[in-house]
Amino acid sequence: REVFEAGRVVTKGAPVFEAGLAAVSALVGDESRAERALRDLEARDDYVPAFYIAAVYVKIGDHDKALHWLERAVEERSEAVLYLGVDPWMDDLRPDPRFRDLMRRIGLPSKAMDPSQKST
């Protein structure tokens with residue numbers, strides 16, 4: 001949390017740090033703070049990458065909204081989607097067949113990235 005707070009101060013509220021704080025809030029069980037931060041991110045006038053919003057929804061546990069925002073990230077042609085298979089922020093989504101389908105559609109291997117499946 002301290003790193004995201006410091007980054008937020010230095011950058012005067014860059015979306016990556018705001019999203020990071022929201023995700024950390026969700027991780028420590030402060031979902032009301034995380035949801036409030038998400039509403040603020042979604043309402044901003046400046047550009048907020050859809051991937052950041054998706055990551056927060058993953059940590060809140062709302063996979064439907066996380067996947068919606070990941071679809072938007074794909075539409076935005078966000079380079080962040082290239083790391084879906086290894087990004088630890090997405091770990092909770094890996095078992096979801098919709099996530100694996102998204103990865104398949106953008107050309108990323110999905111089976112190897114699902115921690116619930118053992119490699120042979």
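## A walk from salt bridge to buried helix

Start by selecting arginine 33 and glutamate 5: they form a salt bridge, with their closest N and O atoms 3.3 Å apart. Arginine 33 belongs to helix H3 and glutamate 5 to helix H1 (residues 2-10), so this pair ties together parts that lie 28 residues apart in sequence. Keep in mind as you look around that this is a predicted model.

How exposed are the two partners? Arginine 33 counts as partly exposed, at 25% relative accessibility, and glutamate 5 is partly exposed too, with a relative accessible area of 26%.

Now add Arg8 and Glu18 to your selection. Together with Glu5 and Arg33, they are linked in a network of salt bridges. Side chains of opposite charge can pair when their charged atoms come close. A search of the whole structure finds 10 salt bridges, so there are others to visit.

Next, select arginine 98 and aspartate 64, whose side chains meet in a salt bridge at 2.6 Å, N to O. This pair links distant parts of the chain, with arginine 98 in helix H6, aspartate 64 in helix H5, and their positions 34 residues apart. Arginine 98 is partly exposed at 41% relative accessibility, and aspartate 64 is partly exposed at 48%.

Stay in helix H6 and pick arginine 104 and aspartate 101. Their side chains also meet in a salt bridge, 2.5 Å from N to O. Here the partners are 3 residues apart in the helix, which means about one helical turn separates them. Arginine 104 is exposed, with a relative accessible area of 53%, whereas aspartate 101 is partly exposed at 28%.

Time to go inside. Select helix H4, residues 50-60: how many of its 11 residues are buried? The count is 10, so the helix is largely enclosed by the rest of the structure. Among the buried residues are Phe51, Ile53, Val56 and Tyr57; Lys59 is also one of them. To see what surrounds them, show helix H2 (15-27), helix H3 (31-43) and H5, against which the buried residues of H4 pack. Just after H4, click on glycine 61, which takes a positive phi of about 100 degrees.

For the last stop, select serine 78, in the loop between helix H5 (63-75) and helix H6 (97-105). Is serine 78 buried or exposed? Serine 78 is buried, because its relative accessible area is 12%, under the 20% cut-off. Leaving aside residues up to four places away in sequence, serine 78 touches Phe51 and Ala73. Phe51 brings you back to H4, where that residue is buried.

Definitions and conventions
Residues are numbered from 1 along each chain as its sequence is written. This is a predicted model: local features need pLDDT of at least 70, side-chain atom pairs count only at pLDDT 80 or more; totals for chains, interfaces and linings use all residues. Side-chain values use heavy atoms; hydrogens and water are left out. Helices (H or I, at least four residues) and strands (E, at least two) are DSSP runs, numbered from the N terminus. Buried means under 20% relative accessible area, exposed over 50%, partly exposed in between (1.4 Å probe, protein chains only). Contact means heavy atoms within 4.5 Å. A salt bridge is a side-chain nitrogen of Lys or Arg within 4 Å of a carboxyl oxygen of Asp or Glu.
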